[in-house]
Amino acid sequence: MMTISVIGCGYLGAVHAAAMASLGHRVIAVDTDPHRIRELSAGRPPFHEPGFEEILHQGLRSGRLRFAVSGTEPELEQAKVHFLAVGTPQSPVSGAADLTALEAAVDDLARVLRPELRPIVVGKSTVPVGTAQQLADRLEPLGAEVVWNPEFLREGHAVADTLHPDRIVYGLSDDPERAAYAAGVLDEIHAELLAEAIPRILTNRPTAELVKMAANAFLATKISFINTMATMCDVTGGDVSVLAEAIGYDPRIGRRFLNAGIGFGGGCLPKDIRSLQTQAEELGVSQAVGFLREVDRINLGCRSRVVRLAEAVCPGGLAGTKVTVLGATFKPNSDDIRDSPALDVARRLVRAGALVRVCDPCGLPNVMRTHPDLAVATDLEKGLAEAELVVLATEWRQYLELDPQWVGGLVARKIIVDGRNALDRDRWHRAGWVHVGMGRGDFMEEAIGAGVIGVGVRQ
Ligand code: UGA
C-alpha cells in the first residue's frame with residue numbers, strides 16, 4: 001500500500017483515484033471545486049460513468065479514499081506519488097491546449113513537496129510535448145521526480161480501462177538513476193496490473209506525451225477516413241457499413257473506429273488534434289500535420305451533412321417540421337455533452353427552422369443547464385409524439401432496441417435519419433419506415449423518392 005494523491009477530480013482524476021484505492025492504495029484526491037468534492041465525499045458521482053459509483057463507495061467505505069478541496073489537505077505532503085489529472089481543454093482563443101489548471105496544480109504541489117520522501121509527480125493529463133520537461137526543470141530542484149504516464153481511458157468504459165488498460169507508458173527522465181527509481185515506484189503502484197501481463201513501455205518524456213496525442217489523432221483520422229468513404233458511397237450507391245466490414249477484416253486495418261456517421265466529438269479527440277496542429281505550427285512543421293486540419297474539417301462536415309440529409313428527406317424542407325433528435329451526449333453511456341456532434345446537429349436543425357425536441361437517457365440535465373433554449377423531452381414517448389422526422393444522433397442501446405412498430409404508432413411521419421448507422425435498417429423498413437443512413441447508398445434512392453434533388457451531396 002502506498003499513499004498517493006490525485007490532483008483534479010474530473011472524469012480522469014476521480015476514476016483514477018477510486019481505481020487506485022481499489023488496488024489497495026491510500027488515496028487523497030483534491031479538486032478546486034468544493035461542490036464536486038462534497039458530492040464525491042458523499043459517494044455521489046458528479047458524472048455518469050458505469051461502474052464508478054461502486055468503486056467510489058468501496059473506496060470511501062474502506063477509508064482508503066478521501067476527497068478534499070485543494071489547499072485544505074495537510075496530508076497531501078505525505079504522499080509518495082502525486083498524480084496530475086487536471087483538465088487541459090482547448091484554449092478559448094486558439095487551438096492550443098489551455099494549461100492554466102495544470103500550472104495552478106503544480107504551483108500548489110511545489111509548496112507541499114517534501115524532498116526527504118523523494119516524491120514522484122506523475123502527469124496523466126494530455127499535454128503538448130515539452131510540458132513534462134518544463135515541470136521537471138521546476139520540480140527536480142525541489143527533490144521530486146517527474147514522469148509522464150498518459151491515460152487512455154474512454155468515457156463510458158473508464159473504470160475497466162483504468163484497471164485493465166491496453167498498455168502502460170512511463171515517460172521517464174533521461175538520467176538513468178532517476179528513471180530507474182521512478183519506474184520502480186510506479187511498478188509498485190501498478191503491481192496488480194503488471195501481474196496481468198499488461199504491456200509496459202518505458203520511454204522518454206516527449207515520446208510518452210506524443211504517444212497520447214498520436215493515439216487520439218490516429219483514432220480521429222480513422223473516423224474521418226470512414227466518413228470520407230461514406231460520402232463516396234453516397235455519390236456512388238455504395239454502402240459504407242459493408243465497406244467498413246470488408247476492409248476491417250484486414251488485421252492491418254481493423255474494424256473498430258470505422259463507424260461512419262455524424263463524426264467524433266467529446267472533450268478529447270477534437271481538442272487533441274487541434275493542440276497537435278498548433279504545436280506543430282509553433283515548432284515550424286505545420287505542413288507535417290496539415291492532414292489533421294482536413295480530419296477536423298471532414299468531421300465538422302459530417303454535422304452539416306446530416307442536416308442536409310434531413311432537409312432532403314423532409315417533404316417541404318425543415319422549416320416548421322417537427323424533428324425529434326434521439327441523443328444529446330457525444331457518445332452513449334456518458335452524460336458528457338462537450339463538443340457533442342448530436343447536440344450540434346440539434347442546434348443546426350433549430351437554425352434551419354425545424355421545431356426540435358431532444359431526448360437523451362442521461363444527458364438532459366447538462367443540456368438544460370447549458371442550452372436552456374433547446375426543447376427537451378424527458379419522456380421518450382412524449383418526445384416522439386407527432387414527430388415528422390426522427391434523427392438518431394447518439395447510439396444509446398435504448399434507441400437501438402426501439403420497436404419501429406411502436407415508434408411508428410407515435411410519430412406523424414415514418415422517416416428516420418440514422419446519424420450513427422446503428423439501427424437495423426431492414427427491421428425499420430419492414431415496419432414501413434423510410435430509413436436513411438449515412439453513406440448507406442440508400443440516400444440517393446430516398447432523396448429521389450422524396451422528390452428532392454440538389455442537396456449538395458450528389459452534384
Ligand atoms: C478518447 C480515446 O478513445 C481514449 O483512448 C482517450 O483516453 C480519451 O479520448 C482521452 O483523451 O481522454 P473518448 O473521448 O471517451 O475517448 O471517446 P471515444 O470512444 O474515443 O469516442 C470519441 C468520439 O468518436 C465519439 O463522439 C464517438 O461517437 C465517435 N466515434 C467513435 C465515431 O464517430 N465512430 C467510431 O467508429 C468511433
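Which helices each supply at least two residues of the shell around the ligand? Keep that one in mind while you work through these exercises on a predicted model.

**Exercise 1. Work out which parts of the chain build the ligand shell.**

Step 1: Start with the helices. Helix 9 (205-236) and helix 11 (269-282) each bring at least two residues. Helix 9 gives the most, with four residues.

Step 2: Now look at domains. The assignment splits the chain into domain 1 (3-198) and domain 2 (218-458). Each of these two contributes at least three residues to the shell.

Step 3: Sort the shell by class. You should get 10 nonpolar, seven charged and four polar residues.

Step 4: Pick out the nearest ones. There are 21 residues around the ligand, and Phe152, Leu153, Glu155, Asn216 and Phe330 come nearest.

**Exercise 2. Find backbone atoms that pair with ligand oxygens, then say how much of the ligand is covered.**

Step 1: Use 3.5 Å as the cut-off for a pair of N or O atoms.

Step 2: Go through the candidates:
- Glu155 has a polar backbone atom 2.7 Å from a ligand oxygen.
- Phe330 places a backbone N or O atom 2.8 Å from an oxygen of the ligand.
- Gly265 has a backbone N or O atom 3.1 Å from a ligand oxygen.

Step 3: Check the cover. On its own, the ligand exposes 720 Å², and the protein buries 90% of that.

**Exercise 3. Describe how the two domains sit relative to each other.**

Step 1: Take the centres over C-alpha atoms; those of domain 1 and domain 2 are 35 Å apart.

Step 2: Count who takes part in the contact. Domain 1 puts in 16 residues and domain 2 puts in 15 residues.

**Exercise 4. Decide where to be careful with the coordinates.**

Step 1: Get the overall picture. The protein chain has a mean pLDDT of 94, with 96% of its residues at 70 or more.

Step 2: Look for the weak spot. Residues 450-459 have pLDDT below 50, yet the stretch still makes 16 contacts in the model beyond near neighbours in sequence.

Step 3: Apply the usual rule: predicted coordinates should not be read in detail where pLDDT is low.

Note on methods:
Residues numbered from 1 in each chain as written. Predicted model: local features only at pLDDT ≥ 70, side-chain atom pairs only at ≥ 80, totals over all residues. Heavy atoms only, no water. Near = heavy atom within 4 Å. Polar contact = N/O pair within 3.5 Å; in protein donor to acceptor, adjacent residues only side chain to side chain. Areas by Shrake-Rupley, 256 points an atom, 1.4 Å probe, with all protein chains shown as cover. Nonpolar A, V, L, I, M, F, W, Y, C, P; charged D, E, K, R; others polar. Domains from an automatic or database assignment. pLDDT = per-residue confidence, 0-100. Contact = heavy atoms within 4.5 Å.
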